[in-house]
Protein chains: 2
Amino acid sequence: MWGIELRDKSEISLARQIFLTLKQRILAGQIAQGEALPSTRELAKGVGVSRNTVSEAYDMLWTEGFIVSRQGAPSRVAEGLQITSGNAAPNPERTKEPTPILWDFKTGQPDLSLFPRQLWSQMIGQAASHLSVRQLAYSSPRGYWPLCEEIAHWLLRSRSMEVDPEDIFITSGATQALHLLVDLLYREGHAFALESPSHQGIRTVIGDRGYPLHWMPVDNQGADISTLRDQNVAAVYVTPSHQFPLGGILPAGRRAALIRLAMANDFYVIEDDYDSEFRYAVAPVSPIYSMDSSRVIYVGTFSKTLFPALRLGFAILPKPLQARWKHHRMYMDVQNPILEQIALAEFLNKRKMDKHVQRMRRVYGEKRNVLLRSVERSFGSSVQPWGDVSGLHVALQFPGMEFGESFIRACREAGIRIASVSQYCSIPGDHQDKLLVGYGHLSHGQIEKGIEALHEFIARGVEGS
Amino acid sequence: MWGIELRDKSEISLARQIFLTLKQRILAGQIAQGEALPSTRELAKGVGVSRNTVSEAYDMLWTEGFIVSRQGAPSRVAEGLQITSGNAAPNPERTKEPTPILWDFKTGQPDLSLFPRQLWSQMIGQAASHLSVRQLAYSSPRGYWPLCEEIAHWLLRSRSMEVDPEDIFITSGATQALHLLVDLLYREGHAFALESPSHQGIRTVIGDRGYPLHWMPVDNQGADISTLRDQNVAAVYVTPSHQFPLGGILPAGRRAALIRLAMANDFYVIEDDYDSEFRYAVAPVSPIYSMDSSRVIYVGTFSKTLFPALRLGFAILPKPLQARWKHHRMYMDVQNPILEQIALAEFLNKRKMDKHVQRMRRVYGEKRNVLLRSVERSFGSSVQPWGDVSGLHVALQFPGMEFGESFIRACREAGIRIASVSQYCSIPGDHQDKLLVGYGHLSHGQIEKGIEALHEFIARGVEGS
């Protein structure tokens, strides 16, 4: 099939041989852009290997951008990859296809290729084979109780947090927790206070509802709390362990001030701890929740430590909010599916999480080092990283530069997907000299070559201007 | 452990032997009310059987109301079961524990003990072991594409519906679909029209938002559409295949009138098809969706055909709503977990759904017959079922009677959980002579004895009054 000839005795794995052959055929135009690849099952049969081998080869093609795939639909060859002349090439002049993404610095992308899929599959299989009749029924909008207990243990082990499992509520990722909280906490005549810059998701959730917003400026230590003093706020959303996207750690003084204000002005603090597992320096930052669990709602997710399509996260709620939370969740989607909850409880119980996070911390830490070395090699020491040494992305400051929308668009047209910090800001003119570089999902080589490409692009622009 | 002695050669299964021994110990007060049973793992080890065997025994205890369980927490012995004197019996006079439910006629409860758990576990296991790296990532708020295609095929096979899979959007059960639709369809100054009586869920979703409601009265053919004529409505919610809870089938004339009104007054119709799989008479009722797919949003669920903790359902959306739906879902919880979607696609593809629904249709049909015979035996022919011969519950009319809140409460205190239709009505004084009897989850014996108990309770009341 498609001239794939495999050598069993090769040093190169079968999956990689398939990958290389297909890549070559695609670049040569022998498999045309937009063409559907056979299903993994079909190709496995045709070539005489296991389906997993083909799947692995397709994953490599996907990771490198040779194929695009919609969940479950046939994988198709990406546009604009052909580099030697094929047959019947279309007029390249005015075909307005988007440029393929060659260097993708998207933020918040974990390296899914290192997720222990086989181990997870075993845990899922075991959970499925022990499903009791009772577990098939509705249980509770709180979530599976042993998972709440295991999360409490995990938070103690990983962040020294002491949490009553009765206060833990399972959600479909942090997104659902935030969606629910916004409705729960809204009060007529009160605003939601957000950091500027902040994640687009939370801004959209609140903005869609038409609720008023108050913006707190952010410096390299996180949010400036002082602007809250004279505001009527229903809730304050912060990312104190690793400000998104600038990376600052909110200092103790600001934390205490925030709690005092929350008490005095009767509002809640939403603490989004989206990636503090991956801290490469010293001990973990202890969350604001540990300072005052009556005013702080802590939101966590497994999308980055495990994988996004798992759809599991949680919120830790002060008691007065719990009854209304349950009511809201009940009429929103009732509860999470049971199976993933059982498997995750087991994954935590068996300390597999600890091991996986430890491994990924090392992997991401190395990637970060590669990134910072590449930046220094290309740009010299004037370009500096902001914020804490943690997470899956870094904000880079380019003194004297301004990255507007047109820069980001031109970058994209040159095949580089990157964001500027100002895209996340709601205070005009803020942080215009910073770019956001996501590296969690990239290989060392991709990071190095990507930064070189970015440097080349910027240098061309500076020369041209 | 707890004097469980098993006989290997017995005609009675090991699970049943454990069940019988525990039941006896509970009734004798040797295991006290409120006491926690050991975990299935622990007891399995103690008695020397497999964990599945113990789990099966616990399921039997749970089904018959001997134990109560919160998902994953230890199962505990239910209150008030002891029938012989135990040690240190508490003063029975003024302990205000709720009466245990002896006869539970709750509606909408499928018989989960007949769900093919082993087959499902295989399909889950297979899906898990083939999870690709790409499937771990976010995919799309639409849902897993092959599942959309399989649902389209299933709707064609089971209901003769022709649906473009591009219009199918996967949800976490019908609840999420309705929650999303209410926000999507709301327009300032327009009401949502609901049937009275109707399901509490949809009333709460709309009521919580503070959106205005318009009530349509229901007769034995379903909703009376004529009241809509002079109303400003954003959407009309109906259950045309089997009105909930009265059971009527909306006649073609009313359907056509509804569509004409929707076109003239620019509103959408939400068609909730919550249980029409289980129709015991002739061919399936064809949905309103088949009359006009541009004005009708069809909502389906797998909670009743498969199991509620699966959290899978879908909505079929007219094109103009799709972009906003995706936006809403994206900021609500992004998407469903991937695993159940893959397994369900396979379950449908392999025609396992067809087989399971066929089997359950027979099972529920028999239960319904047992119920109606029991009703006739106890109450004579004056008490009549309403509506279509389908579903997991039936509305019974008791001419001349009035079932108010105090009746329902007294019933509950006598150990019978049952609902009156008037509890679901928003038009005062409506349908006061009807009770709702759910039978999907009950055994033939439970149905027969439950109806006898209900008859006795009512007869006592009539004598007493």
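Here are some short exercises with worked solutions on the predicted model above.

**Exercise 1. Work out where the strands sit in the open sheet of chain A, and which strands form its edges.**

*Solution.* Start with the order, which runs β4-β11-β10-β9-β8-β5-β6-β7 in chain A. That makes 8 strands, and their pairing is mixed. Next, look for strands that pair on one side only: these are β4 (168-171) and β7 (222-223) of chain A, the edge strands. Now zoom in on the β7 end. Strand β6 (residues 213-219) of chain A pairs with β7(A) in the antiparallel sense, over 2 bridges. One residue pair to look up there is Val218(A), whose bridge partner in β7(A) is Ala223(A). Finally, go to the β4 end and see what lies across it. Helix α6 (residues 145-159) of chain A lies across β4, β10 (296-301) and β11 (313-316) of chain A, and runs at about 105 degrees to β4(A).

**Exercise 2. Take Thr171(A) and decide whether it is buried or exposed.**

*Solution.* First, place the residue: Thr171(A) is in strand β4 of chain A. Then check the accessibility. The relative accessible area is 0%, so Thr171(A) is buried, the cut-off being under 20%. What surrounds Thr171(A)? Skipping residues up to four places away in sequence, its contacts include Gln176(A), Ala177(A), Phe314(A), Trp325(A), Arg329(A) and Asn336(A).

Two of those names lead straight to the next helix: Gln176(A) and Ala177(A) are among the buried residues of α7(A).

**Exercise 3. Check the length of helix α7 of chain A against expectation, then see how well covered the helix is.**

*Solution.* Helix α7 covers residues 173-185 of chain A, which is 13 residues. At 1.5 Å a residue it should span 18 Å, and its end C-alpha atoms are 19 Å apart, so the two agree. As for cover, 12 of the 13 residues are buried. The buried set includes Leu178(A), His179(A), Leu180(A) and Asp183(A). Asp183(A) also has partners: it is linked with Arg209(A), Asp183(B) and Arg209(B) in a network of salt bridges.

**Exercise 4. Do the same for helix α9 of chain B.**

*Solution.* This helix (residues 252-265) has 14 residues and reaches 20 Å from first C-alpha to last, close to the expected 20 Å. Its buried residues include Arg254(B) and Arg255(B) as well as Leu258(B), Ile259(B) and Leu261(B). What covers them? The list includes β6 (213-219), β8 (233-238) and β9 (268-272) of chain B. Last step, look just past the helix: Asp266(B) follows, with a positive phi near 55 degrees.

**Exercise 5. Find the residues that touch the most other members of the largest nonpolar core.**

*Solution.* In general, nonpolar side chains of soluble globular proteins tend to be buried together. The largest core here has 184 residues, and the ones touching the most other members are Phe302(A), Leu344(A), Phe302(B) and Leu344(B). A second, separate core has 54 residues, including Ala235(A), Leu184(B), Ile297(B) and Leu317(B). To see what packs around Phe302(A), leave out neighbours within four places in sequence: its contacts include Ile151(A), Trp154(A), Phe307(A), Leu344(A) and Met353(A).

**Exercise 6. Three of the 36 salt bridges are worth comparing; say what each one joins.**

*Solution.*
- Arg295(A) and Asp266(A) meet at 3.2 Å, N to O. Arg295(A) sits in the loop between β9 and β10 of chain A and Asp266(A) in the loop between α9 and β9, so the pair ties together parts 29 residues apart in sequence. Arg295(A) counts as buried at 16% relative accessibility, while Asp266(A), at 41%, is partly exposed.
- Asp388(B) and Arg279(B) meet at 2.6 Å, N to O. This pair links distant parts of the chain, 109 residues apart. Both Asp388(B) and Arg279(B) are buried.
- Glu366(B) and Arg362(B) have their closest N and O atoms 3.6 Å apart. They are 4 residues apart in helix α12 (residues 352-379) of chain B, so about one helical turn separates them. Glu366(B) is partly exposed at 36%, and Arg362(B) is partly exposed at 49%.

**Exercise 7. Locate Pro100(A) and find how far its C-alpha is from that of Glu413(A).**

*Solution.* Pro100(A) is in the loop between β2 (76-77) and β3 (103-104) of chain A. Its relative accessibility is 22%, so Pro100(A) counts as partly exposed. Along the chain, Pro100(A) and Glu413(A) are 313 residues apart, yet their C-alpha atoms are separated by 8.4 Å.

Definitions and conventions:
Residues are numbered from 1 along each chain as its sequence is written. Chains are lettered from A and ligands numbered from 1 in the order in which they are written. This is a predicted model: local features need pLDDT of at least 70, side-chain atom pairs count only at pLDDT 80 or more; totals for chains, interfaces and linings use all residues. Side-chain values use heavy atoms; hydrogens and water are left out. The expected span of a helix is 1.5 Å times one less than its number of residues. Buried means under 20% relative accessible area, exposed over 50%, partly exposed in between (1.4 Å probe, protein chains only). Contact means heavy atoms within 4.5 Å. Two strands pair if DSSP finds at least two bridges between them. Axes are lines fitted to C-alpha atoms, for helices over the stretch in contact, and angles run from 0 to 180 degrees between N-to-C directions. A nonpolar core is a set of buried Ala, Val, Leu, Ile, Met, Phe, Trp, Tyr and Cys residues joined through side-chain atoms within 4.5 Å. A salt bridge is a side-chain nitrogen of Lys or Arg within 4 Å of a carboxyl oxygen of Asp or Glu.
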